[in-house]
Amino acid sequence: MTQTESIDKAEILKDGKIGKLILQYALPNIIGMIVFASYIIIIQIYIAHGSGLGVHAVGGIGICLPIMVLLIAISTFTGLGAAAHISICMGQGDKETACDLLGNAVTLSIILSLAFTLLFFLFFESILRLIGASEENYQYVKDFMIVYIPSVIIIIVTGCMNTIMRAAGHPKKSMMLILFGFSLNILVTPIFLYVLKWGIKGVALGMVLCQFVAFIPTLWHFLKKGNSLPLRMRSLKLNGAVVKMISKIGFSPFLVISVMSIIALIANNRLMTYGGAFAISTYTISNTFMTFVGLILSGLSQGVQPIIGYNYGAKKITRVLKTLKITGSAAVLIGITGLIIAYFFSYLLAAALSPDDKLIAEESVRCLRILAIGLPLSGFLLTVNSFFQSIGSAGKAFALSITRQLVFLVPAMFIFPLFWQTRGIWYAVPFTEISSALLAIIILAFQRKELNRQKELENEYIL
């Protein structure tokens, strides 16, 4: 693709039909997330049926989740922090700053990933205990992490560049790279598990291979000639002003996702206190479906960020608000669909992930039906949060997300179990979604008034 073609493609964000643009940008991202979510479920089914593994190995993967979420937080800090500004810069025609944002984001990703890897191995045993490894699942957690952690640099850098690729006008290519890596992983994992009998280490090796396969073509995309957003050597040198730009937007989602990791640690602790490894395995199985729907919703909200960011930078406020309205409505409908599926088909998932333990399967069904109550509101919350990030309102996104986690969810996880034991931890989730949605509506109403004032100054009519 020539530079002129890339610029014309970006210009469509400012002039194309909103509905068509959402399909063009969000749909590939959603498909990519569906593939990723399906991959998680398939891998867990492999583990549940793997020779010498079983339901506590599935629980062991749940124990590893906080660490995996933290890696997502780091790649989000650099990737989304740069991508939000890149969309705006492209809307303003500022290619030079956009290239500097890309280069600095990659350098930051490398530095942070190396620091993370070093710290993890310095305090390896302590971290495993901290994240909730118990007698039943400790060896599974240890074997997985020994293989997974050395690949941190590839995971973070790939996640960063993939996010920027979407913002630069290549959502389909981004999705196809993810799809190819995950497909390969699904094919090789059974070989590692059932033929070579490498156990949980084989599962981790499959994930590492998936990331590496996605990394090579992702890097090449930004190195090849003719790219409208090339990765240049001079842009790799850290620039204080550019790092500040990335941090301004990236810190909020980083902190939000990091808090999610901390919340996962707290949840594991609460579950261990009130139900032991049994409760953790139950929650992990139930949360698999929640993750599936959550990733679809995340794919939708992240997919429209280039549309919102570009049009906000180009001062097309009507298009910004219309994109928000359509995306929010679609997110709520996806959440409602997820709730219906969780209520009527939860046993199929539970039975697949706990084939040898009917008690855990039955408890997982009850857990999932409670957790899923908040799914429609989760879609709305993700849309609002993504909207604020896209227009550069990091403070509002930060306030909404941190309030959701620290003001509503954490206290509920400590208070509710006093009355309902393990189920109190389940009830904390829909309670948090309802409370956070009410707050989001208030914050969004004030933001819309401000955008309307901007629109009036431009003498344009808001539909």
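This text looks at a pocket, a cavity and a helix in a predicted model. Local features need pLDDT of at least 70 and side-chain atom pairs count only at pLDDT 80 or more, while totals for chains, interfaces and linings use all residues. Residues are numbered from 1 along each chain as its sequence is written, and side-chain values use heavy atoms, with hydrogens and water left out.

The second largest pocket (on a 1 Å grid over the protein atoms alone, an open set of points with protein on both sides within 12 Å along at least five of seven lines) holds about 160 Å³ of space. Its lining residues, those with an atom within 4 Å of a point, include Pro 66, Phe 116, Ile 127 and Ser 258. Helix α11 (240-303) is among the elements giving two or more residues to this lining, and α11 supplies the largest share, 4 residues. Helices here are DSSP runs (H or I, at least four residues), numbered from the N terminus.

The structure also holds 2 cavities of 30 Å³ or more; a cavity is a set of points where a 1.4 Å probe fits but cannot get out. The second largest cavity has a volume of about 80 Å³, volume being the space filled by probe spheres set on the points, which are joined across faces, edges and corners. Among the residues lining this cavity are Leu 80, Thr 163, Arg 166 and Gln 305. The largest share of the cavity lining, 4 residues, comes from α3.

Helix α14 spans residues 358-371. Its buried residues (under 20% relative accessible area, 1.4 Å probe, protein chains only) include Ile 360, Glu 363 and Leu 371.

Technical notes. Expected span 1.5 Å × (residues − 1). Buried < 20%, exposed > 50% of the residue type's maximum accessible area, 1.4 Å probe, protein only.
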